[in-house]
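Here is a short briefing on one protein chain. The points below are grouped by topic.

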Amino acid sequence: MANADKPETPTLPDELRGLTYDRATPEQVAQVRAYIRAKLAALDARWTPEEREQRRQELRRRFGLA
């Protein structure tokens, strides 16, 4: 991995844990989406562009898309 430091990401508040989409308010849905986007961005930030492209190529080969 490119960066051994773990980027800081927000934690999901306890009141949002275990919610289902059909029971959540629009504000709660927005909060969960923001949380997930932050987590994905933190995971993505761990890779250099070269590593990311290498993994894309590996996946394409694995799925027969190359």
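The protein chain holds 2 helices and 0 strands. The model is predicted. Buried residues account for 14% of the 66 residues in the chain. The accessible surface of the chain is about 5,700 Å², and carbon and sulfur atoms supply 53% of that surface.

**Helix α1**

- Helix α1 covers residues 26-45.
- The 20 residues of α1 should span 28 Å at 1.5 Å a residue, and the end C-alpha atoms are 28 Å apart, so the two values agree.
- Q28, V29, Y35 and A42 are the buried residues of α1.
- Viewed down the axis of α1, the buried residues fall within an arc of 155 degrees, so they line one face of the helix.
- P26, E27, R37 and L40 are exposed on the other side of α1.

**Nonpolar surface patch**

- I36, L40 and L43 make a nonpolar surface patch of about 270 Å².
- L40 is also among the exposed residues of α1.
- L43 sits in helix α1 as well.
- The relative accessible area of L43 is 42%, so this residue is classed as partly exposed: the class lies between the buried cut-off, under 20%, and the exposed cut-off, over 50%.

**Helix α2 and the residue after it**

- Helix α2 runs over residues 49-62.
- For the 14 residues of α2, a rise of 1.5 Å a residue gives an expected span of 20 Å; the end C-alpha atoms lie 20 Å apart, so the expectation is met.
- G64 comes just after α2 and takes a positive phi of about 70 degrees.

**Salt bridges**

- The count of salt bridges is 4.
- D14 and R17 form one of them, with the closest N and O atoms 3.3 Å apart.
- D14 has 62% relative accessibility, so D14 counts as exposed because the cut-off for that class is over 50%.
- D44 pairs with R52 in a salt bridge at 2.9 Å, N to O.
- D44 is partly exposed, with a relative accessible area of 39%.
- R52 has 22% relative accessibility and also counts as partly exposed, because buried means under 20%.
- E53 and R60 form a salt bridge too, and their closest N and O atoms are 3.7 Å apart.
- The relative accessible area of R60 is 34%, which makes R60 partly exposed.
- E53 is likewise partly exposed, at 32% relative accessibility.
- R56 joins E53 and R60 in a network of salt bridges.

**Check points**

- Which residues of α1 are buried? They are Q28, V29, Y35 and A42.
- Why do the buried residues of α1 line one face of the helix? Seen down the axis, they fall within an arc of 155 degrees.
- Which residues are linked in a network of salt bridges? The network links E53, R56 and R60.

Note on methods: Residues are numbered from 1 along each chain as its sequence is written. This is a predicted model: local features need pLDDT of at least 70, side-chain atom pairs count only at pLDDT 80 or more; totals for chains, interfaces and linings use all residues. Side-chain values use heavy atoms; hydrogens and water are left out. Helices (H or I, at least four residues) and strands (E, at least two) are DSSP runs, numbered from the N terminus. Buried means under 20% relative accessible area, exposed over 50%, partly exposed in between (1.4 Å probe, protein chains only). Accessible areas come from the Shrake-Rupley method with a 1.4 Å probe; for residues, only the protein chains shown count as cover. Patches are made of residues with over 30% relative accessible area and no salt bridge: like charges are joined within 9 Å, nonpolar side chains (Val, Leu, Ile, Met, Phe, Trp, Tyr) within 5 Å. A salt bridge is a side-chain nitrogen of Lys or Arg within 4 Å of a carboxyl oxygen of Asp or Glu. The expected span of a helix is 1.5 Å times one less than its number of residues. The arc is that of the directions from the helix axis to the C-beta atoms.
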